[in-house]
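Please open the structure in your viewer and keep a selection tool at hand. The tour below proceeds from one selection to the next and states what is to be found at each stop.

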Amino acid sequence: MKGWFGKAKREYLKGNLDWLNDDVRPLLVSSAYTPSKNVNEFMSDISGQLTGGLGDALTGKTVSDAGVVDADNGHVSAVPAGQTARWCVLVQYTGNPATSRVLIFTNQAVPLPIDTDGSDVHLIWSSAGIGEI
């Protein structure tokens, strides 16, 4: 299951979101979270965030002619052991969870779900791209 959050689509169409130039990061989330794509707007709205689950800024971001966004594979460093990541939420990161907009949710990145063991988590996106606007 994957998709864009509705409020992120709205902001994209209003010109307040720039996939290619914004700081977009993966956020690992547990099964305590159920995507609410037309309600959730900011990182602070997302329950079940893993401790240490915010990743590095995505690189190599692209947008296809068909409106599919993609990027190089994601990376989250040294996620503390004893947690289970079920979801990845991509965030337009501002440094503040109350203003960092949630963009896309997915449980289709490999290796989700994953039990953390203190090592890095490398997220491999689908060959069809991360999401379609």
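Begin by selecting R25 and D23 in this predicted model. R25 forms a salt bridge with D23, and their closest N and O atoms are 2.9 Å apart. How accessible are the two partners, R25 and D23? R25 has a relative accessibility of 21% and therefore counts as partly exposed, since buried would require a value under 20%. D23 is likewise partly exposed, with a relative accessible area of 26%.

**The other salt bridges**

A search of the whole structure finds 5 salt bridges. Such pairs are possible because side chains of opposite charge can pair when their charged atoms come close.

Select R101 and E41 next. These residues form a salt bridge in which the closest N and O atoms are 2.9 Å apart. The pair links distant parts of the chain: R101 belongs to strand β9, whereas E41 lies in the loop between β2 and β3, and 60 residues separate them. Are R101 and E41 buried or exposed? Both R101 and E41 are buried.

Now move to E11 and K14. Here too there is a salt bridge, with the closest N and O atoms 3.6 Å apart. The two partners fall into separate accessibility classes: E11, at 6% relative accessibility, counts as buried, while K14 is exposed, with a relative accessible area of 54%.

Add R10 to the selection and display E41 and R101 again. R10, E11, K14, E41 and R101 are linked in a network of salt bridges.

**The loop before β9**

Select S100, which is located in the loop between β8 and β9. S100 has a relative accessibility of 0% and so counts as buried. What surrounds S100? Apart from neighbours within four places in sequence, S100 is in contact with E41, F42, M43, V91, Q92, Y93, T94 and G95. E41, already selected as the salt-bridge partner of R101, is thus found again among the contacts of S100. For T94, display the backbone: its nitrogen lies 3.0 Å from a polar atom of the S100 side chain.

**Strand β8 and its partners**

Select residues 87–92, which make up strand β8. How many of the residues of β8 are buried? The strand is mostly covered, with 6 of its 6 residues buried. In a regular strand the side chains alternate between the two faces of the sheet. In β8, W87, V89 and V91 are on one side, and C88, L90 and Q92 are on the other. Both faces are covered, and all of these residues are buried.

Extend the selection to residues 24–29, strand β2. Strands β2 and β8 run antiparallel and are joined by 6 bridges. Within this pairing, V29 of the chain stands opposite W87 in β8.

Then add residues 101–106, strand β9. This strand pairs with β8 in the antiparallel sense over 5 bridges. To locate one point of the pairing, centre the view on V89, which stands opposite F105 in β9.

**A three-stranded sheet**

Turn next to strands β4, β5 and β12. These 3 strands form an open sheet in the order β4-β5-β12, with antiparallel pairing. Its edge strands are β4 (62–63) and β12 (131–132), each of which pairs on one side only. Select β5, residues 68–70, together with β12: the two pair in the antiparallel sense over 2 bridges. V69 has G131 in β12 as its bridge partner.

**The whole molecule**

Finally, clear the selection and display the entire chain. The protein has 1 helix and 12 strands. Read along the sequence, the elements follow the pattern β-α-β-β-β-β-β-β-β-β-β-β-β.

The C-alpha trace spans about 40 × 30 × 25 Å along its principal axes. How does the radius of gyration relate to that of a compact globule? For 133 residues a compact globule would have a value near 14 Å, and the protein, at 13 Å, agrees with this.

Colouring by accessibility is a suitable last view. Of the 133 residues, 43% count as buried. The accessible surface comes to about 6,300 Å², and 49% of this belongs to carbon and sulfur atoms. Among contacts between residues at least 6 apart in sequence, 74% join residues at least 24 apart.

Note on methods
Residues numbered from 1 in each chain as written. Predicted model: local features only at pLDDT ≥ 70, side-chain atom pairs only at ≥ 80, totals over all residues. Heavy atoms only, no water. Buried < 20%, exposed > 50% of the residue type's maximum accessible area, 1.4 Å probe, protein only. Helix = DSSP H or I, 4+ residues; strand = E, 2+ residues; numbered from the N terminus. Pairing = 2+ DSSP bridges. Salt bridge = Lys/Arg side-chain N within 4 Å of Asp/Glu carboxyl O. Rg over C-alpha atoms; globule rule 2.2 N^0.38 Å. Contact = heavy atoms within 4.5 Å. Areas by Shrake-Rupley, 256 points an atom, 1.4 Å probe, with all protein chains shown as cover. Polar contact = N/O pair within 3.5 Å; in protein donor to acceptor, adjacent residues only side chain to side chain.
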